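This report examines the fold of one protein chain, beginning with a single residue and widening to the sheets and the core.

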Amino acid sequence: MAMLVQIILRVVFLAIFAIVPAQPLLAQSAVALQPLGSVDSATVSIARQGIEGKFDLDVVVLNPVVLPSSAYYRPRRRYRAEKLLDFLDGQGDINYKKIVGLTVADVSTTKGDIPDWGIFGLAGIGGRSCVVSTYRLGKGKVKRKLFYERLVKVVNHELGHTLGIDHCPVPGCLMEDAAGTIRTVDREDGSFCAGCRDKLKGLLR
Ligand SMILES: [Zn+2]
Ligand SMILES: [Zn+2]
């Protein structure tokens with residue numbers, strides 16, 4: 001009798017297993033947060049909570065690693081963000097579908113005619129990695145609450161890019177192009193517009 005129950009349970013289990021897609025869009029523990037250099041624990045923890053508060057994804061915080069010298073841009077004494085993405089692509093277990101690099105160092109990239117333009121963060125659309133810098137978020141200059149709000153918005157914006165979302169023309173949407181000004185970030189309320197929410201369906205809380 002016990003044997004029969006076991007067999008039935010096994011069949012039920014297999015049946016359940018069979019209807020679960022083999023590869024869900026993103027598994028749990030899909031996001032790794034990688035501190036690049038020394039980042040204070042409060043900042044790391046706010047970034048993690050910020051992602052988990054917005055996305056239905058678990059975040060694992062990796063041990064900090066030194067900023068790679070390959071990304072250092074000596075003329076401006078800062079780090080090239082696209083080179084940090086190359087570095088981050090190779091970090092962490094392959095089970096982490098997305099890697100969010102977090103640094104206090106200034107980061108830059110080429111923007112149009114400007115060869116080296118300081119930015120809040122960078123991501124490839126649908127890429128594995130993104131990087132966020134707190135350098136331009138006003139730490140110590142603005143109230144801590146505002147600094148953390150900016151941090152969470154930029155982190156979720158960059159993560160949104162890695163999840164395939166491009167810039168959005170809807171004013172106030174989290175995916176709006178900040179275009180280098182913190183005012184754009186500050187006017188966002190931290191939410192995705194209906195169109196972006198639709199594209200991220202299944203990944204949001
Ligand atoms: Zn963007
Ligand atoms: Zn939008």
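In this predicted model, Ile182 counts as partly exposed because 16 C-beta neighbours lie inside 10 Å, whereas a buried residue would need 20 or more. Ile182 belongs to helix α5 (residues 182-187). Leaving aside neighbours within four places in sequence, its contacts are Arg136, Gly138 and Arg150. The C-alpha atom of Ile182 is separated by 7.4 Å from that of Leu137, although the two residues are 45 apart along the chain.

**Overall composition**

The protein has 6 helices and 9 strands. Of its 205 residues, 34% count as buried. When contacts between residues at least 6 apart in sequence are considered, 66% of them join residues at least 24 apart.

**The two sheets**

One open sheet consists of 5 strands in the order β2-β1-β5-β9-β8, with mixed pairing. Its edge strands are β2 (59-61) and β8, each of which pairs on one side only. From one strand to the next, the twist averages 20°. Strands β8 and β9 run antiparallel and are joined by 3 bridges; within this pair, Gly121 has Val132 of β9 as its bridge partner. Two helices pack on this sheet. Helix α3 touches β1, β5, β8 and β9, and its direction makes about 130° with that of β9. Helix α4 touches β5, β8 and β9, and its direction makes about 160° with that of β9.

The other open sheet has 4 strands, ordered β3-β4-β6-β7, and its pairing is also mixed. Strands β3 (72-73) and β7 stand at the edges with a single partner strand each, so one side of each is left without a neighbour in the sheet. Where β3 meets β4, Tyr73 stands opposite Arg78. In the pairing of β6 with β7, Val107 stands opposite Ile119. The hairpin of β6 and β7 has 2 residues between the strands, and Gly112 takes a positive phi near 55° there. Helix α3 lies across β4, β6 and β7, running at about 65° to β4.

Three antiparallel pairings are set out below.

| Strand pair | Sense | Bridges |
|---|---|---|
| β3 and β4 (residues 78-80) | antiparallel | 2 bridges |
| β6 (residues 107-111) and β7 (residues 114-119) | antiparallel | 4 bridges |
| β8 and β9 | antiparallel | 3 bridges |

**Helix α3 and the nonpolar core**

Helix α3 thus touches strands of the 5-stranded sheet and also lies across strands of the 4-stranded one. Which residues of α3 (residues 81-89) are buried? They are Ala81, Leu84, Leu85, Phe87 and Leu88. These residues lie on the same side of α3, because they cover an arc of only 160° around the axis. An α-helix has 3.6 residues a turn, so residues three or four places apart point the same way.

The largest nonpolar core contains 45 residues, and those with the most contacts inside it are Leu84, Val100, Val131 and Val155. Two or more residues are given to this core by each of β1 (31-35), α2 (41-54), α3, β5 (98-103), β8 (121-123), β9 (129-133) and α4 (144-162). Helix α4 supplies the largest share, 6 residues. Not counting residues up to four places away in sequence, Val155 touches Ala47, Gly50, Ile51, Val100 and Val132. In soluble globular proteins, nonpolar side chains tend to be buried together.

Key:
Residues numbered from 1 in each chain as written. Chains lettered and ligands numbered in written order. Predicted model: local features only at pLDDT ≥ 70, side-chain atom pairs only at ≥ 80, totals over all residues. Buried ≥ 20, exposed ≤ 12 C-beta atoms within 10 Å, placed from the backbone. Arc of directions from axis to C-beta. Core = buried A, V, L, I, M, F, W, Y, C linked by C-beta atoms within 7 Å. Contact = placed C-beta atoms within 7 Å. Pairing = 2+ DSSP bridges. Axes fitted to C-alpha atoms, helices over the stretch in contact; angles between N-to-C directions.
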